[in-house]
Amino acid sequence: MSIHEPVRPAVAPALAARGPRRSVLFFAFAFAVIADPVSSVAYAIEAALRALRGDLALLLPTMSLVIGLVVVVTANYWQLVRRFPSGGGAAAAAGRAFGPRWTFLPIGALVVDFVLTIGISIAAAASAAIALFPALAPIRIPLALALLVLVAGLTWFGHGGRLLFAVMTVLFVAVSTAVLVLGFTAPHAMGHAATTADPGHSATLAVVLAFPVAMALATGIEAPSTAIAQLGQLDDTHRRRFGRGTLALLLVIVGGLTLALTALAVNLRIGIPGADSTQIADIAHAAAGPGWLYGAFQLTSSLLLLAAASSSFQAGPGLLKALAGTEKAPGVLPSVLGRANKHHTPYWSVLVYLAAAALIIIAAAGKEQELVLFYAVAVFVSFLVGLIAMARFARTEKKQTLAWVNGLAAAAVAFTLAVNLLRGWPMLSLAATLLIAAGLYARWVRAGRPSGIEDVESRAEQPVEAASGR
């Protein structure tokens, strides 16, 4: 009994041989997939500064540590792409390393992560709009909910927006680069934040306690390892190249933007923002002034955040649809979650994510910084499981150096997860992850333990023709 029918490539592999078309495909794929981690720049730096209680002197060391851990996690997904060129990510690694029952832990983590990505991206987009138009501040929650419904509604038309997501990412990077150049060479104004403050601990301990909060920047790193399943027109070799190329691009852009914006914040003395602004908006305003470039920065950042939310609105319901299975091969969730419209959108699954995201936006009063504390918990469970699985593979294959590297990386991820959990409220993210994982496992057992559950992430990303076997 299989959770899905066999997969067939959507397009003939011969297409992979056409260089120009492959370059366009890589552009659309890579820049769309990295929309989520790039958009995280809009709130991760501010989250770290708040955890440091406004100590700008410690902000750059903290964000440097964050980028260092992003490198470690990215290196693991580099290995995952090599081992699973058809997609699957941490779920496939866990299932094959420890047995199918362990697949549900990263799946549960992803379900929670998708909800939080939607919620925090929508809230951050609303904050970007309010920073540009302060008169919108009294309607922060209605504005965020309206944007949420708008993005959810657009998913009705399927996956046609991927190239648009790529364009949004490129525009944000281009405008951010212009802001950075102007900010370092001829800034409009200087901020008035104190360079140092009392972080409440010694400098070293303050950095250690603050950097896990900013690890929201790492969310989305798993996307290339699963999204390569969309590339049915490519063979395994080219899917590996696309996946690894996207990871490298992600690291360069996210790392470069994060460290440059952090350095500019310190240089211009931009501290914790007021209630109706964001730190990244204050950085852009100080660098470029109130003119068109500042407006373009706020607009492109808002659109990129909406693109990140839209991407999760596609991936999350797609995962539920894959778990629901097909008429010929029932899955572990009710079949109603797999019902789709003519654009192949599983509309009931979209409504599930819409309701969940609306609840957390209301609970957080529409403020993304309230949600950041919960963000880097669920996805780090997935990171940890993936790293332990890769260490297991390395030991089995007698690659001792790689096993040690993966083991140390797993320890670093576990430490980050533990520090975030010690804050108290983030335990809710872990509890939700474990409850969802346990519920899915129980339904899988009740369904007769259908085979193929390890590949459910790649099934969720498959083009419709491939996933249905047509």
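Biologist: Why is the crossing of α5 and α15 called left-handed?

Modeller: Picture one helix in front of the other. A crossing gets that name if the near helix is turned anticlockwise from the far one by less than a right angle. In this predicted model, α5 and α15 cross in the left-handed way.

Biologist: What makes α5 oblique to α15?

Modeller: The angle does. Helix α5 (residues 89-98) packs against α15 at about 45°, and their axes are 8 Å apart. Roughly parallel needs an angle under 35 degrees, and roughly perpendicular needs 65 to 115. The angle here fits neither of those, so α5 counts as oblique to α15.

Biologist: How do you know which residues of α5 and α15 meet?

Modeller: Contact means heavy atoms within 4.5 Å. On the α5 side, A90, A93, A94, R96, A97 and F98 take part. Their partners in α15 include S382, V385, G386 and F393. By class, this contact divides into 10 nonpolar, 2 polar and 2 charged residues.

Biologist: Then there's α6. Why is α6 called roughly antiparallel to α15?

Modeller: Here the axes of α6 (residues 104-132) and α15 (residues 368-396) cross at roughly 155° and come within 8 Å. Anything over 145 degrees counts as roughly antiparallel, so that is the word for α6 and α15. The crossing of α6 and α15 is left-handed.

Biologist: What makes the contact of α6 with α15, by class?

Modeller: It has 16 nonpolar, 4 polar and 2 charged residues. Among them are L105, P106, V112 and L116 of α6, with L371, F374, Y375 and V379 of α15. D113 of α6 and E368 of α15 take part too; Asp and Glu count as charged.

Biologist: On to the empty spaces. What makes the second largest cavity a cavity?

Modeller: A 1.4 Å probe fits in a cavity but cannot get out. The whole structure has 4 cavities of 30 Å³ or more, and the second largest has a volume of about 60 Å³. Its lining includes A124, S127 and A128, along with I280, S301 and E368. The elements giving two or more residues to that lining are α6, α12 (279-288) and α13 (292-324). By class, the lining has 6 nonpolar, 4 polar and 1 charged residues.

Biologist: And what makes a pocket a pocket?

Modeller: A pocket is an open set of points, whereas from a cavity the probe cannot get out. The second largest pocket has a volume of about 440 Å³. Of its 19 lining residues, V115, L116, A356, I360 and S429 are the closest to its centre.

Biologist: Which element gives the most to the lining of the second largest pocket?

Modeller: That's α14, with 5 residues. Elements giving two or more are α6, α14 (347-363), α15 and α17 (427-446). By class, this lining has 17 nonpolar, 1 polar and 1 charged residues.

Methods. Residues are numbered from 1 along each chain as its sequence is written. This is a predicted model: local features need pLDDT of at least 70, side-chain atom pairs count only at pLDDT 80 or more; totals for chains, interfaces and linings use all residues. Side-chain values use heavy atoms; hydrogens and water are left out. Axes are lines fitted to C-alpha atoms, for helices over the stretch in contact, and angles run from 0 to 180 degrees between N-to-C directions. Helices (H or I, at least four residues) and strands (E, at least two) are DSSP runs, numbered from the N terminus. On a 1 Å grid over the protein atoms alone, a cavity is a set of points where a 1.4 Å probe fits but cannot get out, and a pocket is an open set with protein on both sides within 12 Å along at least five of seven lines; lining residues have an atom within 4 Å of a point. Grid points are joined across faces, edges and corners, and a volume is the space filled by probe spheres set on the points.
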